[in-house]
Amino acid sequence: MGFRITTNMMMNSYRYNLQGSTKKLADARDKVLTQRNFNSYAEDPAAATQAFRLRRDYYQTYTQLNNTKNIYSKYNTAWNNLGKIKTDLVDKSAIESAIRGDNGTTGEARRALATVLREDAESLVHALNQKLGDQFIFAGNDGLNVPFEWKDVDGQRTLFYRGINVNSGSVPEPDAATKPAWANDPDNFKENGAPDLEKLGDAGVDLDDPDNKNWITYYNDQANYKMLQDMSEEQLYIDLGMGMAESSPNNPVNGSYFNGALCGLDFCGFGVDGDGDPQNLAMIMREMADIFDTWDEETQSFNPALAKDSAEGLTSKELEDKAYRLLNKMTAARDHLSEQWVELDAKSVFLQSNEERLSTLLMDTNTQILDVEQVDLADAITTFSWQQYCYNSALKIGNQLLSQSLIDYMN
């Protein structure tokens, strides 16, 4: 039995084969252009799975490297800034002025030294309010708002950190015999430890009573001091490629992350000591300046009648004793600043080495990706040339087969 081959059958068969040849040519061209072994998951599932894992690792490492560069810029800027504060501002100016002011042979210049100390305190605050980009460097977790600010409290210029008096913790505890009943009920306090005045008022507590006012002032002061402590211990979790694991939700494992928070309180101090003197370096400078302002050129002694601000209420002997006391505490604050500066330097060195490690890891991962995904270009070009030849041949054959019409067969 014969088999009749029609023009339609030839056209359909030719079209099918030409489409296959076109697809092979397109695939070969894509491999040459993209230089990839595969352009879809179905082409090579095993290699595609491996490539996905490698690319995930690559982007993760890339993010960690960027984090390291950004945090290094912050720490390096902070290190340079604190270095200038230590050498130029504290050592060469503030400490020298304090020593000269406490030295009897140069005592006549104490008023001028007081001005220098106040300017140094202002400069210290300005330096600790420095920004990097749109973030304040020494603001802990609140980099969008200025950390340090001078305010007048009872007519005296006082330093605040994120709205809290750095001299918090200075209010002595009132006599226990005057402790009111409401102070023994935890429900009368807010979460931060401050008394809930609205609740006390609703309960009928006389807020104007002297004993109640004393205890409210004390608890507010203690709450503020606790807030300063909490802010000095703030953590800013940064993933720098050290595991970044959590022992529980929102509780990262210590050592698996880098703390990117820098709190200015850690460098210049806060609170008061047992003598009632400030532990903040800027406030020490200002209080020493207040004492030097009481120097009387005529009597060549400290004159209580000239006392203002923190020096008020002290006798001449007390002013002199406090001047020497504050010099020692300024030196101790300078030493603390130096320790923090050295620690900052060590962290900056770690960040540099971590950046080098991540850069190497990034290059190694990229090499692995290329090994899996990159095509052999010579082989791809050869394949493309062959498919181009096949495609052109198919077109030529089709031109010969399909050029005859029905009239040609009838002749």
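**Close-up views of a predicted model**

**View 1. D309 in the loop between β11 and α8.** In this predicted model, D309 lies in the loop that runs between β11 (301-302) and α8 (316-373). Its phi is positive, near 55°, although the residue is something other than glycine. In general, most residues other than glycine have a negative phi. D309 has a relative accessible area of 27% and is therefore partly exposed.

**View 2. The hairpin of β3 and β4, with D154 between the strands.** Strands β3 and β4 run antiparallel and are joined by six bridges. One of the facing pairs places F148 opposite Y161 of β4. Two residues lie between the strands of this hairpin, where D154 takes a positive phi near 55°. D154 belongs to the loop between β3 (148-153) and β4 (156-161), and it is not a glycine. Because its relative accessibility is 81%, and the threshold for exposure is over 50%, D154 counts as exposed.

**View 3. The open sheet β3-β4-β5.** Three strands form an open sheet in the order β3-β4-β5, and their pairing is antiparallel. β3 and β5 (164-165) are the edge strands, each of them pairing on one side only. Helix α3 packs on the sheet by touching β3 and β4, and its direction makes about 135° with that of β3. Between β4 and β5, the antiparallel pairing extends over two bridges. Y161 stands opposite I164 of β5, and Y161 of β4 also stands opposite F148. Helix α7 (residues 281-292) lies across β3 and β4 as well, running at about 175° to β4.

**View 4. Helix α3 and its buried residues.** Helix α3 comprises 19 residues, 110-128, and reaches 27 Å from its first C-alpha to its last. This span is close to the 27 Å expected at 1.5 Å a residue. The buried residues of α3 are R110, L113, A114, L117, R118, D120, A121, E122, L124, V125, A127 and L128. An α-helix has 3.6 residues a turn, so residues three or four places apart point the same way. Among the buried positions are L113, L117, L124 and L128. The charged side chains R110, R118, D120 and E122 are also included among the buried residues.

**View 5. The packing of α3 against α7.** The two helices pack at an angle of about 165°, with their axes 8 Å apart. Since angles over 145 degrees count as roughly antiparallel, α3 is roughly antiparallel to α7. Their crossing is left-handed. On the α3 side, the contact involves R110, R111, L113, A114, L117, R118, D120, A121, E122, L124 and V125. These residues meet L281, A282, M285, R286, M288, A289, D290 and F292 of α7. L113, L117 and L124 of α3 thus appear in the contact and are also buried.

**View 6. The packing of α7 against α8.** Here the helices pack at an angle of about 155°, and their axes are 10 Å apart. As with the preceding pair, this angle makes the helices, α7 and α8, roughly antiparallel. The contributing residues of α7 are L281, I284, M285, E287, M288, I291 and F292. From α8, the contact draws on L319, K322, A323, L326, L327, K329, M330, A333 and L337. The crossing of α7 and α8 is left-handed. L281, M285, M288 and F292 of α7 take part in this contact and also meet residues of α3.

**View 7. L132 in strand β1 and its contacts.** L132 is part of strand β1, which covers residues 131-132. With a relative accessibility of 33%, L132 counts as partly exposed. Apart from neighbours within four places in sequence, the contacts of L132 are S73, K74, T77 and I137. G143 is eleven residues from L132 in sequence, and their C-alpha atoms are 9.6 Å apart in space.

**View 8. The protein chain as a whole, for orientation.** The chain contains ten helices and eleven strands. It has 411 residues, of which 38% count as buried. Among contacts between residues at least 6 apart in sequence, 67% join residues at least 24 apart.

Definitions and conventions:
Residues are numbered from 1 along each chain as its sequence is written. This is a predicted model: local features need pLDDT of at least 70, side-chain atom pairs count only at pLDDT 80 or more; totals for chains, interfaces and linings use all residues. Side-chain values use heavy atoms; hydrogens and water are left out. Helices (H or I, at least four residues) and strands (E, at least two) are DSSP runs, numbered from the N terminus. Buried means under 20% relative accessible area, exposed over 50%, partly exposed in between (1.4 Å probe, protein chains only). Contact means heavy atoms within 4.5 Å. The expected span of a helix is 1.5 Å times one less than its number of residues. Two strands pair if DSSP finds at least two bridges between them. Axes are lines fitted to C-alpha atoms, for helices over the stretch in contact, and angles run from 0 to 180 degrees between N-to-C directions. Angles under 35 degrees count as roughly parallel, over 145 as roughly antiparallel, 65 to 115 as roughly perpendicular and the rest as oblique. A crossing is left-handed if the near helix is turned anticlockwise from the far one by less than a right angle, and right-handed if clockwise.
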